[in-house]
Amino acid sequence: MRKIISISFISLDGVIQSPGSPEEDPSGNFSQGGWVAPFNEDLDNHLMQKILQSTDLLLGRKTFEIWESYWPENAGNWPGINEVTKFVFSATREKSNWVNSVFVKDLPSIKNLRDSAGPDLKVWGSSKLVQLLLENDLIDEFWLLIFPLILGTGKRLFGEGAIPAAFTLTESLVTPNGVILVNYKRKGPVKTGTIGK
């Protein structure tokens, strides 16, 4: 069985929209696009290299379309991006000229993909897809890059429908400019109790 690993650049208030540039995803009149750029040098470290290691990808349609317009011609910045299989969750698209792109249309297809043999599946951004996966208890691991910013508006990583789950911190790093990189792996159910007893 493969693991599904969610990777997100995230603000302190949970926003993951348009981190790379103002043009990336301005939907909903989001005006803070490109908020990762001032921290770019902070992210050039061994932990980021580990996150970028090639495995298969599972992407929402909008994230895929942003990547599809950039990465095929800029693969030197991410060796292996063209070669890995890119599974795209979409009800409207069925094909792409970007090599190794495969389209999946429904949740049972994602579950079958997770249960199949093969490398782990990394989900970058893809806020709607991540929320669907959380609602169906399908995320095994998080890589979060938490930035010392409050953005106020924008698409968020966690919605209201997530199934409660506990995670264990396995790796972390704080950069000089305050970006926190953390890896959380699924631990089990949430345990509750009363403080002091």
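## Two loop residues

Asn29 sits in the loop between β1 and α1. (Helices are DSSP runs of H or I with at least four residues, strands are DSSP runs of E with at least two, and both are numbered from the N terminus.) Asn29 has a positive phi of about 60 degrees, although it is not a glycine. Is Asn29 buried or exposed? Its relative accessibility is 75%, so Asn29 counts as exposed. (Buried means under 20% relative accessible area, exposed means over 50%, and partly exposed lies in between, with a 1.4 Å probe and protein chains only.)

Now meet Ser18, which lies in the loop between β1 (4-11) and α1 (46-52). Ser18 is not a glycine, yet it has a positive phi of about 50 degrees. With a relative accessibility of 3%, Ser18 counts as buried.

## About the model

What you see is a predicted model, in which local features need pLDDT of at least 70, side-chain atom pairs count only at pLDDT 80 or more, and totals for chains, interfaces and linings use all residues. Residues are numbered from 1 along each chain as its sequence is written, and side-chain values use heavy atoms, with hydrogens and water left out.

## The whole protein

Let us step back and look at the full chain. The protein has 4 helices and 8 strands. Starting at the N terminus, you will meet them in the order β-α-β-α-β-β-α-β-α-β-β-β. The C-alpha trace spans about 60 × 40 × 35 Å along its principal axes. How does the radius of gyration agree with that of a compact globule? For 197 residues, such a globule would have a radius of gyration near 16 Å, and the protein has 17 Å, which agrees. (This radius is taken over C-alpha atoms, and the globule rule is 2.2 Å times the number of residues to the power 0.38.)

Of the 197 residues, 42% count as buried. Among contacts with a separation of 6 or more, 69% come from residues 24 or more positions apart. (A contact means heavy atoms within 4.5 Å.) The protein exposes about 10,500 Å², and carbon and sulfur atoms supply 52% of that area. (Accessible areas come from the Shrake-Rupley method with a 1.4 Å probe; for residues, only the protein chains shown count as cover.)

## Strands β1, β2 and β5

Which strands pair with β5? β1 and β5 pair in the parallel sense over 4 bridges, and β2 (residues 56-60) runs parallel to β5, joined to it by 2 bridges. (Two strands pair if DSSP finds at least two bridges between them.) Looking at single residues, Ile7 stands opposite Trp124 in β5, while Leu57 has Lys122 in β5 as its bridge partner.

Strand β5 (residues 121-124) is covered on both faces. Leu121 and Val123 on one side, and Lys122 and Trp124 on the other, are all buried. Notice that a lysine is among these buried residues.

Ser6 is a good residue to find in strand β1. Its relative accessibility is 0%, so Ser6 counts as buried. What is Ser6 in contact with, leaving aside its neighbours within four places in sequence? The answer is Val123, Val130, Ile139, Glu141, Phe142, Trp143 and Leu157.

## Strands β6, β7 and β8

Towards the end of the element order, β8 has two partners to trace. β6 (residues 141-147) and β8 (residues 180-188) run antiparallel and are joined by 6 bridges. Here Ile146 stands opposite Ile180 in β8. β7 (residues 166-174) also pairs with β8 in the antiparallel sense, over 8 bridges. The hairpin of β7 and β8 has 5 residues between the strands, and in it Gly178 takes a positive phi near 90 degrees.

Glu171 belongs to strand β7, and its bridge partner in β8 is Asn183. Glu171 counts as partly exposed because its relative accessibility is 24%. Glu171 and Tyr184 are 13 residues apart in sequence, and their C-alpha atoms are 7.5 Å apart in space.

## A helix residue

To finish, look at Lys111 in helix α3 (residues 107-115). Lys111 has a relative accessible area of 37%, so it is partly exposed. From C-alpha to C-alpha, Lys111 and Ala91 are 16 Å apart in space, with their positions 20 residues apart in sequence counted as their separation.
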